[in-house]
Amino acid sequence: MAAPGENLRIDGQRLWDSLMDMAKIGPGVAGGNNRQTLTDADAEGRALFQSWCEAAGCTMGLDQMGNMFAERAGTDPDALPVYVGSHLDTQPTGGKYDGVLGVLGGLEILRTLNDLDVKTKHPIVVTNFTNEEGTRFAPAMLSSGVFAGIHTQDWAYAKTDAGGKTFGDELARIGWRGDEEVGARKMHAFFELHIEQGPILEAEGKDIGVVTHGQGLSWTQVTVTGKDAHTGSTPMPMRRNAGLGMARILEKVDEIAWSHAPHAVGAAGHIDVYPNSRNVIPGKVVFTVDFRSPDLAVIEDMEARLKVEAQKICDDMELEVAFEKVGGFDPVAFDETCVSAVRNAAERLGYSHMNLISGAGHDACWVNRVAPTAMVMCPCVDGLSHNEAEEISKEWATAGAEVLLHAVVETAQIVG
């Protein structure tokens, strides 16, 4: 297929202005965003995105998980669409770019093709997947998981937030539950642009990350049970301190991850301590260990060692311990043809680039199960993400979106 000419470029200022306009919806307290999934702010962001897509001449599809699909028609009615997108929902203290760059970068592709009156054989569809973050309704990448057949829709609808509200009820409440069957759409290919959420590209001075693989992830919820007791009057030998047991387990988590350096990582980000009172020795702790690696065998080894080491620690301390696998997915190898399209686009446009393994989960990781998929990454300052101080430059955003444009258009095939 013919590659688009290197003079095919996006309007970087228009993309940046769109990012800033979206950031006005669901503002955070420190310059970022709090536009959590299925909130009123999410509904408002969706409506703005839809208005932009309709102004670009697109038709909007909406499925029963609230996934949005803005389609620009192709010249061949029988050709499967090329999909591009990410998510508009944020963390409670999220940045302005995580996910949003991928959705609005896709919109900028459509606007650019309209400006230049470029037609493609395959339709191009820009997607906003619901609840990628998984903060309000766990797990992450929930709706793309239903789309790819990983989760059932009923299971997803029954998920509850901290206040006991269900995903299904909240989706209906904000008015973004569509009629389209989830996963009924067939894709020619899928591309996702995302900020790196890590420090490698900036440290290496590269404009573009060509994502070849995605790390696998394992979430194990660990419950350690001891005995509540007074912190002042309980002798040290008589304590059954669940908090101390957790501390020793977390040291082992760190040790296990280091043993598989440099690509494996591990930590506990979610911790609940009971009764969480200053003068009560913790009688129970619940925490989730997050292990990641691009090698499935390494993940399985880390999981197994966690259970052995934690059990030994708790036995020695006369504590009880229980384990529950609460989330995870296998490592991902992205489609070689799509990855090559991204790499070729970066070279054609003169952007420095390097191969990259994504340390975070993305909707592309699930979509890869049902369609040829690849990802484009741009740097972010200090690798900081899931933080209101998350920052990128207009130049980085432009470079990422231009590589995305070329990869998508090459795959969708210019006509004429």
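## Two cis prolines

Let's start in the loop that joins strand E10 (265-274) to strand E11 (280-281), which is where Pro275 sits. The model shown here is a predicted one, and in it the peptide bond from Tyr274 to Pro275 is cis, with omega near 0°.

A cis bond is also found from Ala138 to Pro139, with omega near 5°. Pro139 belongs to the loop that runs between strand E5 (124-128) and helix H4 (142-147).

## Positive phi outside glycine

Stay for a moment with the loop between E10 and E11, since Asn276 has its place there too. Asn276 is not a glycine, yet its phi is positive, near 60°. Is Asn276 buried or exposed? With a relative accessibility of 63%, Asn276 counts as exposed.

Gln413 is another non-glycine residue with a positive phi, in this case near 70°. You will find Gln413 in the loop between helix H12 (394-412) and strand E17 (414-415). Its relative accessible area is 24%, so Gln413 is partly exposed.

## The chain as a whole

Stepping back, the protein chain has 12 helices and 17 strands. Its radius of gyration is 23 Å, close to the 22 Å that the globule rule gives for 416 residues, so the chain is as compact as a globular protein of that length. Measured out along the principal axes, the C-alpha trace spans about 80 × 45 × 40 Å.

How much of the protein chain counts as buried? The share is 55% of the 416 residues. Contacts that link distant parts of the sequence are well represented: among contacts in the protein chain with a separation of 6 or more, 80% come from residues 24 or more positions apart.

## Surface and charge

The protein chain has an accessible surface of about 17000 Å², and carbon and sulfur atoms contribute 50% of this area.

As for charge, the chain carries 34 positive and 59 negative charges. How far apart are the mean positions of these two sets? They are 3 Å apart.

## Cysteines without disulfides

How many disulfides does the structure hold? The count is zero. Cys58 is a case worth a look: the nearest cysteine sulfur belongs to Cys53 and is 5.4 Å away, and Cys58 is in no disulfide. With 8% relative accessibility, Cys58 counts as buried.

Cys338 has its closest cysteine sulfur in Cys365, at 14 Å, which is too far for a bond. Cys338 is buried as well, as its relative accessible area is 5%.

## A buried leucine in a loop

Our last stop is Leu38, in the loop between helix H1 (12-23) and helix H2 (40-55). Is this residue buried or exposed? Leu38 counts as buried, at 0% relative accessibility.

Which residues does Leu38 touch, leaving aside those up to four places away in sequence? Its partners include the aromatic residues Phe137 and Phe167, along with Leu171 and Ile174. Arg46, Arg136 and Arg173 also touch Leu38, as do Thr130 and Glu170. Asp272 lies 234 residues from Leu38 along the chain, and the C-alpha atoms of Leu38 and Asp272 are separated by 25 Å.

Methods
Residues are numbered from 1 along each chain as its sequence is written. This is a predicted model: local features need pLDDT of at least 70, side-chain atom pairs count only at pLDDT 80 or more; totals for chains, interfaces and linings use all residues. Side-chain values use heavy atoms; hydrogens and water are left out. Helices (H or I, at least four residues) and strands (E, at least two) are DSSP runs, numbered from the N terminus. The radius of gyration is taken over C-alpha atoms; the globule rule is 2.2 Å times the number of residues to the power 0.38. Buried means under 20% relative accessible area, exposed over 50%, partly exposed in between (1.4 Å probe, protein chains only). Contact means heavy atoms within 4.5 Å. Accessible areas come from the Shrake-Rupley method with a 1.4 Å probe; for residues, only the protein chains shown count as cover. Lys and Arg count as positive and Asp and Glu as negative; His and the chain ends are not counted. The place of a charge is taken as NZ of Lys, CZ of Arg, CG of Asp or CD of Glu. A disulfide is a pair of cysteine sulfur atoms within 2.5 Å.
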